[in-house]
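This briefing sets out the fold of one protein, followed by the packing of its helices and the pairing of its strands. Please read it alongside the sequence and the structure shown here.

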Amino acid sequence: MHDLTAFQRDVLYVLAGLDEAYGLAIKAELEDYYEGDVNHGRLYPNLDELVERGYVEKGQIDRRTNSYDLTESGESALVDRREWENSYLQDVEVAIA
């Protein structure tokens with residue numbers, strides 16, 4: 001996970017939160033977060049890279065639409081990342097308005 005880009009990590013987090021993950025749904029979530037366009041030329045090569053690394057499994061919903069799901073390795077990587085982040089944030093108070 002340490003050798004992934006921030007964008008690739010964000011894709012993994014989005015996949016963890018979506019019930020039905022397909023390209024356009026992932027793109028929409030990322031665009032909400034980034035407050036701007038995420039083009040296909042950025043999203044799909046990164047999804048393919050995550051598949052190649054074993055973090056994501058690619059399936060097919062229909063002839064035109066692929067599905068994407070976190071693998072066990074992807075879930076484990078997110079948990080490890082969250083634990084690492086939390087180890088640095090343990091003394092930080094987060095105010096929720």
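From the N terminus on, the elements of this predicted model follow the order α-α-α-β-β-α. The secondary structure thus listed comprises four helices and two strands.

**Overall dimensions and burial**
- The C-alpha trace of the protein spans about 50 × 30 × 25 Å along its principal axes.
- Of the 97 residues in the protein, 34% are buried.
- Among contacts with a separation of 6 or more, 46% are between residues 24 or more positions apart.

**Packing of α1 and α4**
- Helix α1 comprises residues 6-17 and helix α4 comprises residues 72-89; their axes lie 11 Å apart, at an angle of about 110 degrees.
- Angles of 65 to 115 degrees count as roughly perpendicular, and α1 and α4 are therefore described as roughly perpendicular to each other.
- The crossing of α1 with α4 is left-handed.
- On the α1 side, the contact is made by R9, L12, Y13 and A16, which meet L78, R81, R82 and E85 of α4.
- By class, this contact between α1 and α4 contains four nonpolar and four charged residues, with no polar residues.

**Pairing of β1 and β2**
- Strand β1 (residues 56-60) pairs with strand β2 (residues 66-70) in the antiparallel sense, over five bridges.
- Within this pairing, G59 is placed opposite S67 of β2.
- The connection from β1 to β2 is a hairpin through five residues.

Technical notes: Residues numbered from 1 in each chain as written. Predicted model: local features only at pLDDT ≥ 70, side-chain atom pairs only at ≥ 80, totals over all residues. Heavy atoms only, no water. Axes fitted to C-alpha atoms, helices over the stretch in contact; angles between N-to-C directions. Parallel < 35°, antiparallel > 145°, perpendicular 65-115°, else oblique. Left-handed = near helix turned anticlockwise from the far one by under 90°. Contact = heavy atoms within 4.5 Å. Nonpolar A, V, L, I, M, F, W, Y, C, P; charged D, E, K, R; others polar. Pairing = 2+ DSSP bridges. Buried < 20%, exposed > 50% of the residue type's maximum accessible area, 1.4 Å probe, protein only.
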